[in-house]
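Reader: Hi! I'm new to looking at proteins in 3D, and I'd love a close look at one small part, followed by a walk outward to whatever surrounds the rest. Could you take me through it step by step?

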Amino acid sequence: MNQSPLQELASLARCPYTGDRLQAVPADAFAEHLTAEAFRQRPPETSAALISAAAGLAFPVVRGVARFLESDGLALRQGRDLPAPIGDSATRDAVQSWYEDFGWQPTDDGSCGDTALFSQQGHEGHGFYEAHSHLRPLEHLVGGAYLLDAASGPIAHPEYLAYSWYHRRRVCVDLSLAALETVSARLGAHALCLRADLRRLPFADDSFQGVVSGYTVQHVAAQDQEGALAELYRVLAPGHRLCVMTNLAPGLPARLLRALLRRWPDRPAAGGGAAGDDAAPLYCHLQNRPWWRHQGRRLGAGLEIRTLRLLQRDEFRKLFASSTPAARRVLACEAAFPRLLAPFAEYGLVTLAKANSEALPTTSG
């Protein structure tokens, strides 16, 4: 029997505080569960709620998005004392505000602030180079019931849609309601959307047949990144992979390459200038390859670090202007030597495989 999206969400999600199963309650039954104050404070357009009796909270579902942050919980009549907040909430809230106020706001060209600032869309030069790199995680995603897209944003690049082609549902988690409402409207029944904290994911262990995290861990407070990565790995099903796309803190090979490229003479580039350069700073703490390898050993994961993109946008333009043939050659080189070039890369693809047997994992890269 097919489940409704709300029933499926209730069966998949868990209370982020207690880990217990959730009960789906329609809006017309709220009054008998919530305190009078919580009933008055429920968000407009709330259509249902997911109730945790153990935590004494109801998590509202509003415009297709289930809300699981601390500030979202509505008190039940039989209240409970919640665990203390975890980690650096001030940094999380600052990152959330950056994306709500700028990063996921639409721009004049139909993209969004984050894409205009950090990426390039188009069919020539760096746009071609970047678009093809977006597809590299696809070879590690074998399909199944659920793909977790951790900090999905509004799925800013069309290539990102490919990650869940072979999954029945794409479960999108983000801090930004604007982004999640865009995804919910865009993907319809294919997506289940939740506002939640990566450091306290509202899912049981081993829930997902694939996890993707694009440029996310680096925006978690430095002292919380290990815990966030452990959460992403916890919800990954055995026999599947977690794919993390991330900027890499440069080691000596990358620093030498960056220094060489800074001395390279500028070349004219066609259009596509970075809009939004006057945006407020976005918190970012990069980790190096030894840190990632340590996390693989700590988690008992089979870890690989491969090149996602060797060059930054401005470096590519300086070397090749808008040459698509040059982009093809760089992509071919990266594909041929993904591990060899990883120490020089600006962007890495880190994969963590969860074994479904007692075989010892390997760590490389």
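Author: Not counting residues up to four places away in sequence, proline 26 touches Ser47 and Ala48. Please keep in mind that this is a predicted model. Proline 26 belongs to strand 1, which covers residues 23–26. Is this proline buried, exposed or partly exposed? Its relative accessible area is 41%, so proline 26 counts as partly exposed. Now find valine 61 as well: it is 35 residues from proline 26 in sequence, but from C-alpha to C-alpha the two are 9.5 Å apart in space.

Valine 61 also gives you a second distance to try. Isoleucine 86 is 25 residues from valine 61 along the chain, and their C-alpha atoms are separated by 23 Å. You will find isoleucine 86 in the loop between strand 5 (74–75) and helix 3. With a relative accessible area of 24%, isoleucine 86 is partly exposed. Leaving aside neighbours within four places in sequence, isoleucine 86 is in contact with Arg199 and Arg200.

Isoleucine 86 leads us to some empty space. Which residues line the largest cavity? Isoleucine 86 is one of them, together with Pro16, Tyr17, Phe68, Leu69, Glu70, Arg92, Ala196, Asp197 and Arg200. Arg200 is thus both a contact of isoleucine 86 and part of this lining. By class, the lining of the cavity divides into 6 nonpolar and 4 charged residues, with no polar ones. The space inside comes to about 70 Å³, and the count of cavities of 30 Å³ or more is 1. If you wonder how such gaps are found, rolling a probe the size of a water molecule over the atoms shows where empty space is left.

From the loop that holds isoleucine 86, step on to helix 3. Threonine 91 lies in this helix. Its relative accessibility is 14%, under the 20% cut-off, so threonine 91 counts as buried. Apart from neighbours within four places in sequence, threonine 91 is in contact with His219, Ala221 and Tyr283.

Helix 3 also takes us to the largest pocket, where it gives the largest share of the lining, 4 residues. This pocket has a volume of about 1000 Å³. Its lining is made of 50 residues, and those nearest its centre are Tyr99, Asp114, Tyr215, Gln218 and His219. You have already met His219, as a contact of threonine 91. Elements that each supply at least two lining residues include helix 4 (113–118), helix 5 (125–134), strand 7 (167–174) and helix 10 (313–320); strand 9 (211–214) and strand 10 (241–247) are among them too. In this lining, 23 residues are nonpolar, 12 are polar and 15 are charged.

Tyr215 deserves a pause. Tyrosine 215 sits in the loop between strand 9 and helix 7. At 17% relative accessibility, tyrosine 215 counts as buried. Its phi is positive, at about 55°, although this residue is not a glycine. Most residues other than glycine have a negative phi. Arginine 63 is another residue to look at here: it is not a glycine either, and its phi is about 50°. Arginine 63 lies in the loop between strand 3 (57–62) and strand 4 (65–67), and at a relative accessible area of 40% it is partly exposed.

Back beside tyrosine 215, strand 9 pairs with strand 10 in the parallel sense over 4 bridges. Within this pair, valine 212 stands opposite cysteine 243 in strand 10. Strand 10 is mostly covered, with 6 of its 7 residues buried.

On the other side of the loop is helix 7, whose buried residues are Gln225, Ala228, Leu229, Glu231, Leu232 and Tyr233. These pack against strand 6 (144–150), strand 9, strand 10, helix 9 (289–299) and strand 12 (347–353).

That brings us to our last stop, the nonpolar interior. In soluble globular proteins, nonpolar side chains tend to be buried together. The largest nonpolar core here has 48 residues, and Leu148, Phe203 and Leu352 have the most contacts inside it. Helix 7 gives the most to this core, with 4 residues. A second, separate core of 20 residues includes Tyr215, along with Ile155, Val183 and Ala191. As for phenylalanine 203, its contacts beyond four places in sequence include Leu12, Leu148, Val171, Phe208 and Val235.

Notes
Residues numbered from 1 in each chain as written. Predicted model: local features only at pLDDT ≥ 70, side-chain atom pairs only at ≥ 80, totals over all residues. Heavy atoms only, no water. 1 Å grid on protein atoms, 1.4 Å probe; cavity = no way out; pocket = protein on both sides within 12 Å on 5 of 7 lines; lining within 4 Å. Points joined across faces, edges and corners; volume = space filled by probe spheres on them. Nonpolar A, V, L, I, M, F, W, Y, C, P; charged D, E, K, R; others polar. Core = buried A, V, L, I, M, F, W, Y, C linked by side-chain atoms within 4.5 Å. Buried < 20%, exposed > 50% of the residue type's maximum accessible area, 1.4 Å probe, protein only. Contact = heavy atoms within 4.5 Å. Pairing = 2+ DSSP bridges.
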